Amino acid sequence: MEILEKAKENIRKEVINIENRTDLTDDQKVTRICTVFGTTCAAVAVQPIPFADIFILTPIQAYMGKKIADIRGFNISEAGAKEIFKEIAGLVGLGLLSQQLAIGAYKTVLPFFSGFTTIPLVFGLTYGMGKVMDYYFEKKIKGEKVDPEMLKKIFKKARAEGKQKSKENKKEIEKQKNNL
């Protein structure tokens, strides 16, 4: 899993101790985390590894959850982040399953569409999951109930926002793709 290690190293460089920065608000930190992880996951997703992406993307996205939890002051281990990620993914719906099926199809049956469709798809889903995890942690810290309908609304809105941001970050995604 050399690609996973390279991706994690890129992320570590970008986000190490972001929770301790005083020049950004917590909301700005979370948006930065969602953008950095969206970029990294999009760069990983276009690598020629058919149907293995779930084993690479899920740990990266779970680590994103850990960093968001750190920013919000929610104590969580990296292993716990994976469990929360799975719980939230189940609440949001089949978005992650469809992500994996689409990526696999683009790499095997429709490879000529891969770069055009995979990047916004994966960036948008990762960005959306980050925003959903942020909502989840904020509610948990306050001792409030997590509303599954609100999770879905946040995910849908953030996923669309993430797809747009993928276009703005296209050069960075290409750079990271080439570094992997």
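I56 is buried in the predicted model, with a relative accessible area of 4%, where buried denotes under 20% relative accessible area, exposed over 50%, and partly exposed the range in between (1.4 Å probe, protein chains only). The residue I56 lies in helix α3 (residues 53-72); helices (H or I, at least four residues) and strands (E, at least two) are DSSP runs numbered from the N terminus. Between I56 and A45 the sequence separation is eleven residues, and their C-alpha atoms are 8.7 Å apart. The model is a prediction, in which local features require pLDDT of at least 70 and side-chain atom pairs count only at pLDDT 80 or more, whereas totals for chains, interfaces and linings use all residues. Residues are numbered from 1 along each chain as its sequence is written, and side-chain values use heavy atoms, with hydrogens and water left out.

A second buried position is T40, which has a relative accessibility of 1% and is situated in helix α2 (residues 26-45). Contacts, defined as heavy atoms within 4.5 Å, link T40 to A7, I11 and Q176 when residues up to four places away in sequence are not counted. Two of these partners, A7 and I11, are among the buried residues of α1.

Helix α1 (residues 2-15) comprises 14 residues, for which a rise of 1.5 Å a residue predicts a span of 20 Å; the end C-alpha atoms are 20 Å apart, in agreement with this value. The expected span is 1.5 Å times one less than the number of residues in the helix. The buried residues of α1 are I3, L4, A7, K8, N10, I11 and V15. Viewed down the helix axis, these residues fall within an arc of 160° and therefore line one face of α1; the arc is that of the directions from the helix axis to the C-beta atoms. Exposed residues E2 and K13 are carried on the face of α1 turned away from the buried side. After α1 comes N17, which has a positive phi near 60°.

At the level of the whole protein, the secondary structure consists of eight helices and zero strands, giving the order α-α-α-α-α-α-α-α from the N terminus on. Of the 180 residues, 52% count as buried. Among contacts with a separation of 6 or more, 74% are between residues 24 or more positions apart. The accessible surface of the protein is about 9,000 Å², and carbon and sulfur atoms contribute 55% of this surface. Accessible areas were computed by the Shrake-Rupley method with a 1.4 Å probe; for residues, only the protein chains shown count as cover.
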